[in-house]
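Me: I've got a model open here and want to talk through how its pieces fit together. Can you walk me through what was computed?

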Amino acid sequence: MKKRKIQAGFTLIELMIVIAIVGILAAVAMPMYTDYTTKARFVSISNQAQPVKLAVDLCVQATGALTACGGGSNGVPANIASGASNIDFLDTLATSATGVITITTGGAGDPYGAATYTLTPTLNGDGTVEWAKGGSCVGSGYC
């Protein structure tokens, strides 16, 4: 009677197949992860504009014009100068004299580089404000 040898581990081919599968999964997952983290960063940045956007809306309701809704006037928060923010990745946040909100990123230590996000208000005939998005992050699909 012949004794059968019991297999004690994985063969080299089986191990190579597993390593190849893990490599393929990592090659697909890393770009997706980077894309998701970049989108999350810009969601955070665009959320910083919401209180300023609301203040400009309220300013327009109170004054009836966009020209009085610059940063630091009529209830609109003051502009944040470069380096004065303690918010991650936010470099500047400024509201022009006509209510255009401009956010720039790319301050010291920003691993993603510089980008801009703008919100441009348009006063409608019925007194409401419409906002148009713009900037480099809109073109890249992150805002």
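Reply: Contact means heavy atoms within 4.5 Å. Helices (H or I, at least four residues) and strands (E, at least two) are DSSP runs, numbered from the N terminus. Axes are lines fitted to C-alpha atoms, for helices over the stretch in contact, and angles run from 0 to 180 degrees between N-to-C directions. Bear in mind that this is a predicted model, where local features need pLDDT of at least 70, side-chain atom pairs count only at pLDDT 80 or more, and totals for chains, interfaces and linings use all residues. Residues are numbered from 1 along each chain as its sequence is written, and side-chain values use heavy atoms, with hydrogens and water left out.

Me: At what angle does helix 1 run to strand 2?
Reply: Helix 1 covers residues 12-48 and strand 2 covers 101-105. The helix lies across strand 1, strand 2 and strand 3. Its angle to strand 2 is about 145°.

Me: And which strands does helix 2 lie across?
Reply: Helix 2 spans residues 50-63 and runs at about 145° to strand 4. The strands under it are strand 1, strand 2, strand 3 and strand 4.

Me: Are helix 1 and helix 2 roughly parallel or roughly antiparallel?
Reply: Their packing angle is about 30°, with the axes 4 Å apart. Angles under 35 degrees count as roughly parallel, over 145 as roughly antiparallel, 65 to 115 as roughly perpendicular and the rest as oblique. So helix 1 and helix 2 come out roughly parallel.

Me: What is the strand order in the open sheet?
Reply: Two strands pair if DSSP finds at least two bridges between them. The open sheet has four strands with antiparallel pairing. Strand 1 (90-95) and strand 4 (129-134) are the edges, each pairing on one side only. The order is 1-2-3-4.

Me: How many bridges join strand 3 to strand 4?
Reply: Strand 3 (residues 115-123) and strand 4 run antiparallel, and they form a hairpin with five residues between them. In that turn, Gly127 has a positive phi of about 90°. Thr120 has Ala132 as its bridge partner, while Leu119 stands opposite Lys133. The number of bridges is six.

Me: Is Thr118 buried or exposed?
Reply: Thr118 sits in strand 3 and touches, among others, Ile101, Thr102 and Ala132, not counting residues up to four places away in sequence. Buried means under 20% relative accessible area, exposed over 50%, partly exposed in between (1.4 Å probe, protein chains only). Thr118 has 18%, so the label is buried.

Me: Which element gives the most to the largest nonpolar core?
Reply: A nonpolar core is a set of buried Ala, Val, Leu, Ile, Met, Phe, Trp, Tyr and Cys residues joined through side-chain atoms within 4.5 Å. The largest one has 21 residues, with Val56, Val76, Ile101 and Ile103 making the most contacts inside it. Both helices and the four strands each supply at least two residues. The top contributor, with five residues, is helix 2.

Me: What relative accessible area does Asn74 have?
Reply: Asn74 lies in the loop between helix 2 and strand 1. Its phi is near 50°, a positive value in a residue other than glycine. Asn74 is partly exposed, with a relative accessible area of 47%.
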